[in-house]
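Here are my notes on the model you sent round, set out as numbered points. Please read them with the structure open beside you.

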Amino acid sequence: ASDVYKRQLPDWVAERESTAGRATVAGQQGDIDATATSADPLPVEPGEPAAEAPVVGAQQPAVPRPTRPQTADPEPAPEAPQRQTPADRPAPPAAPTPAADPSATAFTEAMTEGLARLDQGELAQAQAAFERARAIRPEAAEARDGLARVEAESQLLAIAHHRERAVAHEEQERWGEAAAEYAAVLALDASIRFAQEGRQHSAARQDLSDRLESHNAHPDRLATDPVLEDARDALDEAREIDAPGPVLTRQMERLAERIVVAETPIPVVLLSDGETDLLVFRVGRLGTLERHRLELRPGSYTVVGTRDGYRDVRRALEVAPGKGEIT
């Protein structure tokens, strides 16, 4: 028997077992091993060292098996852990939020202000906001697009402003100023049709107005046939205009009167010594005479008298309308 087992028996049993074991012969060893092998081992409680089987061949009293004390209430078996579903599992901890980039915040604020100002028509403030955004991020397409929108809106406003002023000048028959406003529109965009047509129309009207004013301001020039012919053409052109304004109407009325006066001859009587050869510029050579009656259109004339052995004589002749015979 093992030492462990011996400690569980009374002293006398241990001594007897020891004596019997020494008397056992070698030939019986196989039977003892077989008997020991077939014997049921003593139960081993959990937590206790296993006991060795006793040697068979000696009488051994029955030894009570050690038992564990029983408690009044057995401990309940631990519950099996429940299987957790994905919904029951606790959410993983949120990743830490990175600190905001100050430049990104400033860029976003500048772009937001620029777009708001642009929607409100505050172009100067919008441009300043987009400029700030571009300074923060020069490579950002959003800032460039914002500035392009400001430029386009500014151009549209400028075109509308020039067109409004051009129409106002046209209503006042200030054709030169109207043509200048249309030219300003074409400087912004040369493809705008209304500006092309407006400049052409205003320039033509300004040219006609200048011609009418010139003939009205210098009626004496109408005594010259080319000048009188141009005055007639200008008046005919003005009369073809539909719904002429008050300025053009006055110009046409005045020029028509001056043309009538210029076309109405005035009787003029020239007196000479009968030996002097007379020449009237714009009329022709009259020869020697003592008295000669002419009908001249109003204007300025020059009479030159020549005679052999004498100096030439030159006299200015002003033929003014509204007067009787001039001598």
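1. Wherever contact is mentioned below, it means heavy atoms within 4.5 Å. With that cut-off, and leaving aside neighbours within four places in sequence, Thr276 is in contact with Gly287, Thr288, Leu289, Gly305, Thr306 and Arg307. Thr276 is found in the loop between β1 and β2, and it counts as buried because its relative accessibility is 14%, where the limit for buried is under 20%.

2. Please keep in mind throughout that this is a predicted model. The secondary structure of the protein chain comes to 10 helices and 6 strands, and of its 327 residues 25% count as buried. Among the contacts between residues at least 6 apart in sequence, 50% join residues at least 24 apart.

3. Asp277 has its place in strand β2, and the list of its contacts, again without the neighbours up to four places away, consists of Arg285, Gly287, Thr288, Val304, Gly305 and Thr306. Asp277 and Thr306 are 29 residues apart along the chain, yet their C-alpha atoms are separated by 5.2 Å.

4. The pairing of strands gives the setting for that contact list. Strand β2, residues 277-280, and strand β5, residues 299-306, pair in the antiparallel sense over 4 bridges, and within this pairing Leu278 stands opposite Gly305 of β5.

5. Both strands belong to an open sheet of 4 strands, which has the order β3-β2-β5-β6 and antiparallel pairing. The edges of this sheet are β3 (284-288) and β6 (313-319), each of which pairs on one side only. On average, and with direction ignored, neighbouring strands of the sheet are turned by 20 degrees against each other.

6. Strand β1, residues 266-271, is joined by 6 bridges to strand β4, residues 291-296, and the two run antiparallel. In this pair, His292 of β4 is the bridge partner of Leu270. Strand β1 is mostly covered, since 5 of its 6 residues are buried.

7. Which residues have the most contacts inside the largest nonpolar core? They are Leu212, Ala238, Leu255 and Ile259, in a core of 13 residues. The elements that give two or more residues to this core are α8 (193-217), α9 (225-239) and α10 (246-263). Leu255, looked at by itself, touches Leu212, His215, Asn216, Ala231 and Leu235, when residues up to four places away in sequence are not counted.

8. Apart from the largest core lies another one, made up of 12 residues, and among them are Phe107, Ala126, Phe130 and Val150. The next two points take up helices that contain some of these residues, Phe107 being listed among the buried residues of α4, and Ala126 and Phe130 among those of α5.

9. Helix α4, residues 102-119, has 18 residues and reaches 26 Å from its first C-alpha to its last, close to the 26 Å expected at 1.5 Å a residue. Its buried residues are Phe107, Ala110, Met111, Gly114 and Leu118; seen down the axis of α4, they fall within an arc of 95 degrees, so they line one face of the helix. On the other side of α4, Pro102, Glu109, Thr112 and Asp119 are exposed. What covers the buried residues of α4 includes α5 (123-136) and α6 (141-171). After the helix comes Gly121, whose phi is positive, near 80 degrees.

10. Helix α5 can be read in a similar way. Its 14 residues should span 20 Å at 1.5 Å a residue, and its end C-alpha atoms are 20 Å apart, which agrees. Leu123, Ala126, Ala129, Phe130 and Ala133 are buried in α5, and because they cover an arc of only 125 degrees around the axis, they lie on the same side of the helix. The face of α5 turned away from this buried side carries the exposed residues Ala124 and Ala135. The cover over the buried residues of α5 includes α4 and α6.

Methods:
Residues numbered from 1 in each chain as written. Predicted model: local features only at pLDDT ≥ 70, side-chain atom pairs only at ≥ 80, totals over all residues. Heavy atoms only, no water. Core = buried A, V, L, I, M, F, W, Y, C linked by side-chain atoms within 4.5 Å. Buried < 20%, exposed > 50% of the residue type's maximum accessible area, 1.4 Å probe, protein only. Pairing = 2+ DSSP bridges. Axes fitted to C-alpha atoms, helices over the stretch in contact; angles between N-to-C directions. Expected span 1.5 Å × (residues − 1). Arc of directions from axis to C-beta.
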